[in-house]
Amino acid sequence: MDFVTRLLGIASALAEEAGAVDPAAATEELSGAAMVVSVIGSLLPMILIFVVFYFLMIRPQRKKDKQVKEMLNNLKKDDRICTIGGIYGTIVGLKDDTVTLAVGKDNLSMVVARWAIRSVEEISIENDMEALN
């Protein structure tokens, strides 16, 4: 509020020096400018909060979602995966929304939803068989 008062005082002083006949009219014109400054001043914190949220929360989440979608689209037969339930298996078949896994040393068949795959493991099949036996 102090800033607006100083701004009004400076503007009326400049108007008087410039030879304005009615300083009250100059102050009324300036009050419209003061309203604009006041509105911008009140909206600025909300805009800054949105910008901070975007760069700290929204943008990284979109990046992560893009990586997960890419990983799910690049699944192929014989990939070693981990499901969101913690089950490790090897992909033996793929359909649109389902994945067939071979699980355990007996290679039991299990069908899971494609979205339920958490990650593709870097362990090769040869190492997998040694670890399961």
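These legends describe close-up views of a predicted model.

**View 1. The whole chain holds three helices and five strands.** Read along the sequence, the pattern is α-α-β-β-β-β-β-α. The protein chain has 133 residues, and 19% of them count as buried. About 10100 Å² of the chain is exposed, with carbon and sulfur atoms supplying 62% of that area. Take the contacts between residues at least 6 apart in sequence: 38% of them join residues at least 24 apart.

**View 2. Five strands form an open sheet.** The strand order is S4-S3-S2-S1-S5, and the pairing is antiparallel. S4 and strand S5 (117-120) stand at the edges. Each has a single partner strand, so one side of each is left without a neighbour in the sheet. On average, neighbouring strands of this sheet are turned by 45 degrees against each other, direction ignored.

**View 3. A hairpin links S1 and S2.** Four residues lie between the two strands. Gly 86 sits in the turn and has a positive phi of about 90 degrees. S1 and S2 pair in the antiparallel sense, over three bridges. Cys 82 has Tyr 88 in S2 as its bridge partner.

**View 4. A second close-up shows the hairpin that joins S2 to S3.** The connection runs through three residues. Strand S2 covers residues 88-94, and four bridges join it to S3. The two strands run antiparallel. Thr 90 has Ala 102 in S3 as its bridge partner. Ile 91 stands opposite Leu 101, also in S3. In a regular strand, side chains alternate between the two faces of the sheet.

**View 5. Asp 96 lies in the loop between S2 and S3.** Is Asp 96 buried or exposed? Its relative accessible area is 69%, so Asp 96 is exposed. Asp 96 and Arg 114 are 18 residues apart in sequence. In space, their C-alpha atoms are 8.1 Å apart.

**View 6. The largest nonpolar core has 10 residues in all.** Its members are Met 71, Leu 72, Leu 75, Ile 81, Ile 91, Val 99, Leu 101, Val 103, Val 112 and Ile 117. H2 and S3 are the elements that give two or more residues to this core. Which element gives the most? It is S3, with three residues. Nonpolar side chains tend to be buried together in soluble globular proteins.

**View 7. Ile 117 belongs to the largest nonpolar core.** What does Ile 117 contact, leaving aside its neighbours within four places in sequence? The list includes Met 71, Leu 72 and Leu 75. Ile 81, Cys 82, Thr 83 and Val 99 are also in contact with Ile 117.

**View 8. Thr 83 is a buried residue in strand S1.** Its relative accessible area is 4%. Buried means under 20%, so Thr 83 falls in that class. Neighbours within four places in sequence are again left aside here. Thr 83 then has contacts with Leu 101, Val 112, Ala 116, Ile 117 and Arg 118.

**View 9. The structure holds one salt bridge.** Which side chains meet in the salt bridge? They are those of Lys 76 and Asp 79, at 3.3 Å from N to O. Asp 79 has a relative accessible area of 11%. Asp 79 is therefore buried, as the limit is under 20%.

**View 10. Asp 78 has a positive phi in a residue other than glycine.** The angle is near 75 degrees. Asp 78 is found in the loop between helix H2 (23-73) and strand S1 (80-83). Its relative accessibility is 47%, so Asp 78 counts as partly exposed.

**View 11. Asn 107 has a positive phi although it is not a glycine.** The value is about 50 degrees. Where is Asn 107 found? Asn 107 is in the loop between strand S3 (98-103) and strand S4 (108-113). At 43% relative accessibility, this residue counts as partly exposed.

Methods
Residues are numbered from 1 along each chain as its sequence is written. This is a predicted model: local features need pLDDT of at least 70, side-chain atom pairs count only at pLDDT 80 or more; totals for chains, interfaces and linings use all residues. Side-chain values use heavy atoms; hydrogens and water are left out. Buried means under 20% relative accessible area, exposed over 50%, partly exposed in between (1.4 Å probe, protein chains only). Two strands pair if DSSP finds at least two bridges between them. Axes are lines fitted to C-alpha atoms, for helices over the stretch in contact, and angles run from 0 to 180 degrees between N-to-C directions. A salt bridge is a side-chain nitrogen of Lys or Arg within 4 Å of a carboxyl oxygen of Asp or Glu. Contact means heavy atoms within 4.5 Å. Accessible areas come from the Shrake-Rupley method with a 1.4 Å probe; for residues, only the protein chains shown count as cover. A nonpolar core is a set of buried Ala, Val, Leu, Ile, Met, Phe, Trp, Tyr and Cys residues joined through side-chain atoms within 4.5 Å.
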